[in-house]
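Subject: Structure handover

Hello,

Here is the structure we talked about. Please open it alongside this note; my findings follow below.

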Amino acid sequence: VTDGGVFESTRLFSSELVGATSAITVDGPGSRLDLLGASSGSVAVALIGRDGVSTMDVTNGGTVNIDSTSGIVTGLAGGLLIGGSGSGTGAGDGPVNVTGPGSTINIANENASIQVGRNGTGKLNITAGGKLTNVPGNAAMVIGRTALSTGTVVVSGAGSELQAGSDLVIGSEFDFTNRALLAGGGTGTVSYTHLRAPETDS
């Protein structure tokens with residue numbers, strides 16, 4: 001999605017099969033990928049690298065909006081799932097890169113989740129002023145959710161921002177309905193570096 005284009009859907013599943021590869025790009029001011037509403041009982045979700053390898057790049061002021069209006073008040077209601085699925089093989093690999101000022105992923109449903117390494121290898125890189133937001137409420141961010149998972153999150157560069165939601169869980173399975181940690185998690189890493197602009201003498 002480039003040059004101010006807009007693509008709308010409800011669900012995005014990329015590289016569903018083992019060995020599959022794919023790339024998703026949202027580039028430039030006004031360019032948007034909108035995953036909106038609920039369809040046939042399914043809520044807005046982006047699953048990047050289910051059982052294959054998929055890369056999502058949001059760059060140069062591009063925007064991804066994930067906003068489910070399902071009315072679900074507890075449990076899991078879509079969101080951004082990177083690297084594997086609930087029934088995955090552990091082969092999923094989903095790097096997501098949000099790079100540059102104005103480049104943003106917005107997750108608007110208060111019950112949605114961000115999962116980095118859901119049942120595979122997940123990487124989320126927010127750099128050079130990029131931003132990812134997940135509204136409070138029942139929202140959660142889980143990094144390295146299952147025993148087959150490795151999740152890595154890097155937030156680097158002045159102006160870069162990650163809003164995780166109400167719960168941040170690293171290296172543990174998580175019960176979204178009861179807001180409880182469970183046994184059997186994987187490996188999760190979070191790195192924050194150089195988030196403040198250099199100070200200058202006046």
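Which side chain meets Lys 131 in a salt bridge? It is the side chain of Glu 161, at 3.8 Å, N to O. Before you go further, note that this is a predicted model.

Glu 161 sits in strand E18 and Lys 131 in strand E15, so the salt bridge ties together parts that are 30 residues apart in sequence. The backbone brings these two residues together as well: Lys 131 stands opposite Glu 161 in E18. Strands E15 (residues 131–134) and E18 run parallel and are joined by 2 bridges. Glu 161 has a relative accessible area of 30%, so it counts as partly exposed. Lys 131 is also partly exposed, at 29%.

Now the sheet around that pair. It is an open sheet of 6 strands, in the order E1-E4-E9-E12-E15-E18, with parallel pairing. Strand E1 (6–9) and strand E18 (161–162) are at the edges with a single partner strand each, so one side of each has no neighbour in the sheet.

There is another open sheet. Its 6 strands come in the order E2-E7-E10-E13-E16-E19, and the pairing is parallel. Here the edges are strand E2 (11–14) and strand E19 (167–170); each has a single partner strand, so one side of each is left without a neighbour in the sheet. From one strand to the next, the twist averages 5 degrees. Inside this sheet, E13 (residues 113–116) and E16 (residues 140–143) run parallel, joined by 4 bridges. One pairing to look up: Ile 114 has Met 141 in E16 as its bridge partner.

Back to the charged pairs. The whole structure holds 5 salt bridges. Two more of them are worth a look.

- Lys 123 and Asp 93: their side chains meet at 3.1 Å, N to O. Lys 123 is in strand E14 (residues 120–127) and Asp 93 in strand E11 (residues 92–99), 30 residues apart. Asp 93 is buried, because its relative accessibility is 19% and the cut-off for buried is under 20%. Lys 123, at 30%, counts as partly exposed.
- Glu 173 and Arg 145: this salt bridge is 2.4 Å, N to O. Glu 173 lies in strand E20 (residues 173–175) and Arg 145 in the loop between E16 and strand E17 (150–156), so parts 28 residues apart in sequence are tied together. Both Glu 173 and Arg 145 are buried.

Best wishes

How values were computed. Residues numbered from 1 in each chain as written. Predicted model: local features only at pLDDT ≥ 70, side-chain atom pairs only at ≥ 80, totals over all residues. Heavy atoms only, no water. Pairing = 2+ DSSP bridges. Axes fitted to C-alpha atoms, helices over the stretch in contact; angles between N-to-C directions. Salt bridge = Lys/Arg side-chain N within 4 Å of Asp/Glu carboxyl O. Buried < 20%, exposed > 50% of the residue type's maximum accessible area, 1.4 Å probe, protein only.
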